[in-house]
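Grab a pencil and keep the 3D view open. Below are a few short exercises, each with a worked solution.

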Amino acid sequence: MKTSECDVVIVGVGGQGVILISDILGRAAVKEGVRVRGAETHGMAQRGGSVINHTRLGCKFSPMVPSGGADVLLALEPSEALRFAYFLKEKGVALVNTRPVLPVTVTTGKAHYPPLDRIISPLRDRFGEVRAFDATALAEKAGTAQAMNVVMLGALSRYIPLREELLLDALAQVVPKKHLDANRRAFAVGKAEVG
Amino acid sequence: MKEYLLGNAAIAKGIKDAGSGLVSGYPGTPSSEIIETLVGLGGIKHIEWSVNEKVALEVAIGASWAGTRSTATMKHVGLNVAADPFMTLAYLGVGGGLVLISADDPFCHSSQNEQDTRRYAQFAQVPLLDPADPQEAKDMVMYGFDLSEKFNVPVILRPTTRVSHARSDVNVDPTSSTSEGQASFGRNPARRVSLPVHVRPLHRELLEKQAAMEEVLASTPWNRLDLKGDHGVIASGLSALYAEEAILSLGLDLSFLKIGTFPAPSKMIAAMLRHVKKILVVEEMEPVLQEQVEMIARKVNPGVEVLGKGDYISRVGELDLLPVKEAIARMEGISPETRPTLDAEKILPPRPPSLCPGCSHRATYYAMHKAFGKNAVYPSDIGCYTMAVNMGTVDTCLCMGASITIASGIRLGGVEEPICCSLGDSTFIHSGLTGLLNAAYNNARITVTVLDNSTTAMTGHQPHPGTGLTATGEASVPVSLEDIAKALGAGFVEVVNPYDIKATIDVFKKAKEYQGLSVVISRQLCVIKALKAGVRRKPLSVNENCTGCKLCVEFGCPAIEFEGDKAKINNLCIGCGVCASICKNNALDVVK
């Protein structure tokens, strides 16, 4: 028996705004009357490290998406997409921002960052649908690179059982007023990118 | 009405709705957001960040004994610090209801161990509520005050990381709260003075109320028995959600008992054990529930097969749906699903958490190592700076404040090499003061470095007595760490700015030569705090003098990269300028 309507795993690097996406999903779900569960990373693990957020829409059980159980993997950074790809179902969808953020292990020369195709092609080999694009560039075009997470949210909006107007209402609740227009544009370009 | 709430925010709402007049705590992941949320909500008579967990609990006890409902919050290891008042409080009892929140961290996401607070509840013989999700956490904390007053005992709420840092749709409709009376302390030595003659009967009284507490707890909505097939699962707290989801997704007809309270409801457990032939106990960390199930089984159905810790459920780390599903499938003889493996991820560079670009701890440790050398011993402590373990200046980390005492023991045990220990400002105030006094008193010739970034950074920048601000942002007495160090007996006390590398190295060299107890306070505001406060410094850039020697790259600042055969400063640079002092070729300039 299916125990969750839609499981989303959102990954990235501390500071990219992973939690904001989950917050918007959760607020929209509550408005929609859909049960929702989320789990996030705080504390020591946050400082420049890999960040993972689980969001389960239409679920009344634990907040943790099981390995191999996610319907959508939303990755704000390409290497983090591959790092957490084991969460995705074989028929699942991976939405990947292709703009790398180099970890300190790479900047200090202790490790190498692989070329992009070595990250994306194993994803394409295994999963149902992979949409990879430079969301950071799209956010810059929309007005601010900071809104990269909202570009990704716009892309995600096509794959989840939540109405767009509720997502946009929630966006308006969590984003400062002066940045709202840029964020709305970011949402729209993200959605168009995967259309 | 429902809101999408963080577990800790839901707990905060519960505390407020229950009319808790005083809330005290010390920050610690995953508990810190409870007090932070309450500060934002307002309406509590007194909220404080205490200097440590023992102090927090004692302040809460004082309020409780004066009739005010009170709450103390901490992480699991904080209860070790507060264990002394806690154990005897169980005998003496409460006035106004007292709820102690001890947040466990299975898998040590941000902790030095994964101890199980349920063991403390057993140890002290006090009730414990084990929430599965934010809604239960909110409802339980409110119930906890009533229970505490009914049985005259403190009550523990024990959320885990996946409850405190989970979010879910939570019903936030205001509920009837107890009206607050005027606080007053009523003299009652037999219950408030722990003389032997008083506590002997109180110990007996505590034991005698156990059965009644269990009986009352059994009838709460957080325990639920569903008798079906002759195989069953018993699970507690969050594990019950994993178990229920596993049973449903496997489509099995299993009997199920969800436990949310401790002491666990033995009559419900006995009813389950009489009904089944085989049972799996699912719980994170210690086999607290399983031991109780096994004891009851010996009395009511010795033939029942009890599965759990050891073969089926791990005692280490945290659970999630898959291991629980696998354990249940194995009990039922169903072959496990094959898990997807993805070897491609092996090509990825590790991304461990690290000190921020421009973090002053990195500069302090660099200067410390330059002055003390590689043969020195470097005991350290708990805070962001523990992440500098690869800089060669973090040789030990045991518990809050232990850097100073471990350093003392290493010296007094006979080690002759230079010893320089380090701890943060908040950690120093939490439990470094007694160790420093002890080092002075017992002539431990060590150097103590206070990494003073003027905040409790790791847990989210809470204030402490050195900052001159309280939890609610009111002005307070800013205590001077240097005056404390002098008063506790340190003969050498110097304050340095770690961004001035050369001066810092000089002070460390003097401290190293000093024939006694020396204290170096390395003071520079946390970069995250500084950015939030609007401090802007000009970033640096690499000029043509760069020879590609990598000295700056090895410093490990995330703002310094190596591209081609030269160093490069990326856009993370906050302009601390330390790399320019490290460079031997004058190859780093401030951007004009």
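**Exercise 1.** Find which residue of E5(A) stands opposite Val72(A), then work out how E4(A) and E5(A) run.

*Solution.* Keep in mind that you're looking at a predicted model.
- Step 1: Start at Val72(A) and look across to E5(A), where you meet Val93(A).
- Step 2: Try another pair: Ala70(A) has Leu88(A) as its bridge partner in E5(A).
- Step 3: Now take the strands as a whole. E4(A), residues 70–75, and E5(A) are joined by five bridges and run parallel.
- Step 4: Look for the helix that goes with them. Together with E4(A) and E5(A), helix H2 (residues 78–83) of chain A makes a β-α-β unit, and a right-handed one.

**Exercise 2.** Decide whether E5(A) is largely enclosed or not, and say why.

*Solution.*
- Step 1: Trace the strand, which covers residues 88–97 of chain A.
- Step 2: Count a residue as buried if 20 or more other C-beta atoms lie within 10 Å of its own.
- Step 3: Seven of the 10 residues pass, so the rest of the structure largely encloses E5(A).
- Step 4: Check E6(A), residues 129–133, as well: E5(A) pairs with it in the parallel sense over five bridges. Here Ala94(A) faces Val130(A).

**Exercise 3.** Put the strands of the eight-stranded sheet in order and name its edges.

*Solution.*
- Step 1: Walk across the open sheet and you get E6(A)-E5(A)-E4(A)-E1(A)-E3(A)-E2(A)-E8(B)-E1(B), with mixed pairing.
- Step 2: At the edges are E6 of chain A and strand E1 (2–6) of chain B, each pairing on one side only.
- Step 3: Ignoring direction, neighbouring strands here are turned by 20° against each other on average.

**Exercise 4.** Do the same for the seven-stranded sheet of chain B.

*Solution.*
- Step 1: This open sheet reads E3-E2-E4-E5-E7-E6-E12, again a mixed one.
- Step 2: Strands E3 (46–49) and E12 (261–262) are at the edges with a single partner strand each, so one side of each has no neighbour in the sheet.
- Step 3: Zoom in on E5(B), residues 98–103, and E7(B), residues 155–157: three bridges join them, and they run parallel. Val99(B) has Val155(B) as its bridge partner.

**Exercise 5.** Describe how H12(B) and H15(B) pack.

*Solution.*
- Step 1: H12(B) covers residues 238–250 and H15(B) residues 321–331; their axes are 9 Å apart, at an angle of about 55°.
- Step 2: That angle makes the two helices oblique to each other.
- Step 3: Their crossing is right-handed.

Terms used
Residues are numbered from 1 along each chain as its sequence is written. Chains are lettered from A and ligands numbered from 1 in the order in which they are written. This is a predicted model: local features need pLDDT of at least 70, side-chain atom pairs count only at pLDDT 80 or more; totals for chains, interfaces and linings use all residues. A residue is buried if 20 or more other C-beta atoms lie within 10 Å of its own, exposed if 12 or fewer, and partly exposed in between; C-beta atoms are placed from the backbone. Helices (H or I, at least four residues) and strands (E, at least two) are DSSP runs, numbered from the N terminus. Two strands pair if DSSP finds at least two bridges between them. A crossover is right-handed if, with the strands pointing away from the viewer, the path from the first strand over the helix to the second runs clockwise. Axes are lines fitted to C-alpha atoms, for helices over the stretch in contact, and angles run from 0 to 180 degrees between N-to-C directions. Angles under 35 degrees count as roughly parallel, over 145 as roughly antiparallel, 65 to 115 as roughly perpendicular and the rest as oblique. A crossing is left-handed if the near helix is turned anticlockwise from the far one by less than a right angle, and right-handed if clockwise.
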